[in-house]
Amino acid sequence: MAVRMFRVYLSNHTEFPLIKVYDHHCGNSLTRGIWTPGGWEPPSIIEAKTEQAWQAESSGIATGTEGYVKYKIGKVPLVVPGGPPPKPELADTIYIYWNNPFVGVTSAKGSSSVSDVHPDCDAPDESQGTTFADPNSQFEVHSTRHTEDGTAVPSPLDGNEGPILFEVPIAPIVVFGELHIIEHAWVRFDIRTKGSVRQALPLAYDSSTGLRRMFQTSARTKSLRLIFQ
């Protein structure tokens, strides 16, 4: 098993699909992480009202995983009677970044912007925008962070969740980090339209064990994608 992992659950609570436009592992050929084998790459599309996941891990000796994924909100234009089916028009950018180094601090960031977002690592020349996303997006990012034992911790925090260094929901960015390394870290980011009701997706789970069972990090849990198929 890899010495460092980071799993991201992305819950799309909007009426639009999320369409992936870019993903990247940061670092050089010796330190760059990989997607966990077995279908853990970021999905190309996350349909409206669904949740999917991806997972990155370290590859090599004394290395971690750092990277980011960019999605676009796929707004469907007006349908022209008798015309071809319309294709979604790419709108606001959803930016998800994580860093789980071999030595340092486990952290992640999620944001929404009307323009591109300058990534926190290995920014390509064509990347526009700033690291701090444009605040005028009609969409917003929230987070639910998970402790190592699988317990879900909602945001904002109330100070009783454990060794969390910070979690700062400063619109349009949610940033969180740890005082230390979490070897196998994970987080859920929720994408919502501003002003919408904060209601959880209708996840199917065993009521006798609760959500904790669903979100355990054991080998038996592979992906939430199956729930929505």
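A residue is called buried when its relative accessible area is under 20%, exposed when that value is over 50%, and partly exposed in between. By this definition, buried residues account for 48% of the 229 residues in the protein chain, which is shown here as a predicted model.

The chain holds 13 strands and 1 helix, and a reader who follows the elements from the N terminus passes through the strands before arriving at the helix, since the order runs β-β-β-β-β-β-β-β-β-β-β-β-β-α. When contacts between residues at least 6 apart in sequence are considered, 67% of them join residues at least 24 apart.

Turning to the outside, the accessible surface of the protein chain comes to about 11500 Å², and 56% of this area belongs to carbon and sulfur atoms. On this surface, Val3, Phe102 and Val103 make a nonpolar patch of about 270 Å². Val3 is placed in the segment before β1, the strand that spans 5-12, and Val3 counts as partly exposed because its relative accessibility is 37%, a value that falls between the limits of 20% and 50%.

Asn99, by contrast, belongs to strand β7, which covers residues 89-100. With a relative accessible area of 17%, Asn99 is buried, because this value is under the 20% limit. Leaving aside residues up to four places away in sequence, Asn99 touches Thr65, Glu66, Val105, Thr106 and Ser107. Asp120 lies 21 residues from Asn99 along the chain, and the C-alpha atoms of these two residues are separated by 9.7 Å.

How values were computed:
Residues numbered from 1 in each chain as written. Predicted model: local features only at pLDDT ≥ 70, side-chain atom pairs only at ≥ 80, totals over all residues. Heavy atoms only, no water. Helix = DSSP H or I, 4+ residues; strand = E, 2+ residues; numbered from the N terminus. Buried < 20%, exposed > 50% of the residue type's maximum accessible area, 1.4 Å probe, protein only. Contact = heavy atoms within 4.5 Å. Areas by Shrake-Rupley, 256 points an atom, 1.4 Å probe, with all protein chains shown as cover. Patch = residues over 30% accessible without salt bridge, like charges linked within 9 Å, V, L, I, M, F, W, Y side chains within 5 Å. Salt bridge = Lys/Arg side-chain N within 4 Å of Asp/Glu carboxyl O.
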